[in-house]
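Biologist: I am new to reading protein models and would love some company. Could you take me through one part slowly, and show me how that part sits in the whole?

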Amino acid sequence: INGIFLPEKDLKKIKFILGFIFSGCSHKLEVSDSYMEPHINKKAQKVEDFISSVSILENKSNILEKRSERLRAKGTLIKVDHGELNNTVSKSYFSQYFKNVSLTSSKINKDLYIESEILDSKFYFYAFPDGTHVEATLRIKAYYNGDLILDKVYKNEKDITVYLSAHLTLTSLFDETYHEAILNVYKNEFQKDLISVLKTKVAVN
């Protein structure tokens, strides 16, 4: 096979992937802003006229062990800190649109204040050994100047699959996919609800 169908480096990569998936390995999800970079809109216009700051209640560390929801790679154990992951993703998301975004340990009764938590997450291997699908359920509460304006449970059911390339490893595959799954809840579901409810409170164009 080598030299005819696949280069030696690709054969080694496939062996590593298959070994990881079927040997029942364990991986602790790495939480990092770097996984958000490809999915953040750096050119988004900042909102400053009616909301000068966004405060996000900081989640406590909450490490859960997750196994594949399907038989394939059932032995693979992923350790996910839902608290740390949600802190990182939510701050990155809001920082796209607001100039002053910070994590806080207590409720803030001015401007936009957010309480959110990851209620659950699930994963399974998709069509190929190097692809994975992640689902996430979040509860997000939004307060505007101390008043509760939004309280909703969101579930991301979108097909999120990342495939290995020259710069990815199997572990970073899991890491980036989990980050993107949480971000999709904010940008695809929560965002439209927040804009809608703010229109009833302030003049939002």
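Modeller: The accessible surface of the chain comes to about 10800 Å², and carbon and sulfur atoms account for 50% of that area. Please keep in mind that this is a predicted model. The chain has 205 residues, and 47% of them are buried. Its secondary structure comes to 3 helices and 8 strands. If you read along the sequence, these elements follow the pattern α-β-β-β-β-α-β-β-β-β-α. Now look at contacts between residues with a separation of 6 or more: 72% of them join residues 24 or more positions apart.

Let us take strand 7 as our part. Strand 7 covers residues 132-144. How many of its residues are buried? The count is 11 of 13, so strand 7 is largely enclosed by the rest of the structure.

Strand 7 has a partner in strand 8, which spans residues 147-156. The two run antiparallel, and 9 bridges join them. To see the pairing for yourself, find T137, which stands opposite K155 in strand 8.

Next, follow the chain from one strand into the other. Strand 7 and strand 8 form a hairpin, with 2 residues between them. N145 lies in this loop, and G146 is found there too. N145 has a positive phi of about 50 degrees, although it is not a glycine. With a relative accessibility of 40%, N145 counts as partly exposed.

G146 has some contacts that you might miss in the sequence alone. Leaving aside neighbours within four places in sequence, G146 is in contact with K107, N109 and K110. G146 and Y113 are 33 residues apart in sequence, yet their C-alpha atoms are 7.8 Å apart in space.

While you are looking at loops, visit D111, in the loop between strand 5 (101-104) and strand 6. D111 also has a positive phi, near 55 degrees, and is a residue other than glycine. With a relative accessible area of 8%, D111 is buried.

Back in strand 7, E135 deserves a careful look. Setting aside residues up to four places away in sequence, E135 touches D120, S121, K122, Y124, K155 and N156. Why does the contact with K155 not count as a salt bridge? The nearest side chain of opposite charge is K155, but it is 4.3 Å away, and a salt bridge needs a side-chain nitrogen of Lys or Arg within 4 Å of a carboxyl oxygen of Asp or Glu, so the pair falls outside the cut-off. E135 is therefore buried yet without a salt bridge.

Which pairs do make it? Side chains of opposite charge can pair when their charged atoms come close. A search of the whole structure finds 4 salt bridges. One of them involves the partner strand: K152 forms a salt bridge with D193, the closest N and O atoms being 3.0 Å apart. This pair links distant parts of the chain, with K152 in strand 8 and D193 in helix 3, 41 residues apart. K152 is partly exposed, with a relative accessible area of 37%, whereas D193 is buried at 19%.

Helix 3 also holds a pair of its own, E189 and K192, which are 3 residues apart, about one turn of the helix. Their side chains meet in a salt bridge at 3.9 Å, N to O. E189 is partly exposed, with a relative accessible area of 26%. Elsewhere, E37 and K42 meet in a salt bridge at 3.1 Å, N to O. E37 is partly exposed, at 42% relative accessible area, while K42 counts as exposed at 60%.

Finally, let us see how our strand fits into the interior. In soluble globular proteins, nonpolar side chains tend to be buried together. Here the largest nonpolar core has 41 residues, and V54, L85, F94, I114, Y186, F190 and L194 touch the most other members. Strand 7 and strand 8 are among the elements that give two or more residues to this core, along with strand 2 (54-57), strand 4 (77-81), helix 2 (82-95), strand 6 (112-125) and helix 3 (170-198). Helix 3 gives the most, with 11 residues. For one core member in detail, choose L85: not counting residues up to four places away in sequence, L85 touches L29, V31, V80, I118, Y178, H179 and I182.

Terms used: Residues are numbered from 1 along each chain as its sequence is written. This is a predicted model: local features need pLDDT of at least 70, side-chain atom pairs count only at pLDDT 80 or more; totals for chains, interfaces and linings use all residues. Side-chain values use heavy atoms; hydrogens and water are left out. Helices (H or I, at least four residues) and strands (E, at least two) are DSSP runs, numbered from the N terminus. Buried means under 20% relative accessible area, exposed over 50%, partly exposed in between (1.4 Å probe, protein chains only). Lys and Arg count as positive and Asp and Glu as negative; His and the chain ends are not counted. Contact means heavy atoms within 4.5 Å. Two strands pair if DSSP finds at least two bridges between them. A nonpolar core is a set of buried Ala, Val, Leu, Ile, Met, Phe, Trp, Tyr and Cys residues joined through side-chain atoms within 4.5 Å. Accessible areas come from the Shrake-Rupley method with a 1.4 Å probe; for residues, only the protein chains shown count as cover.
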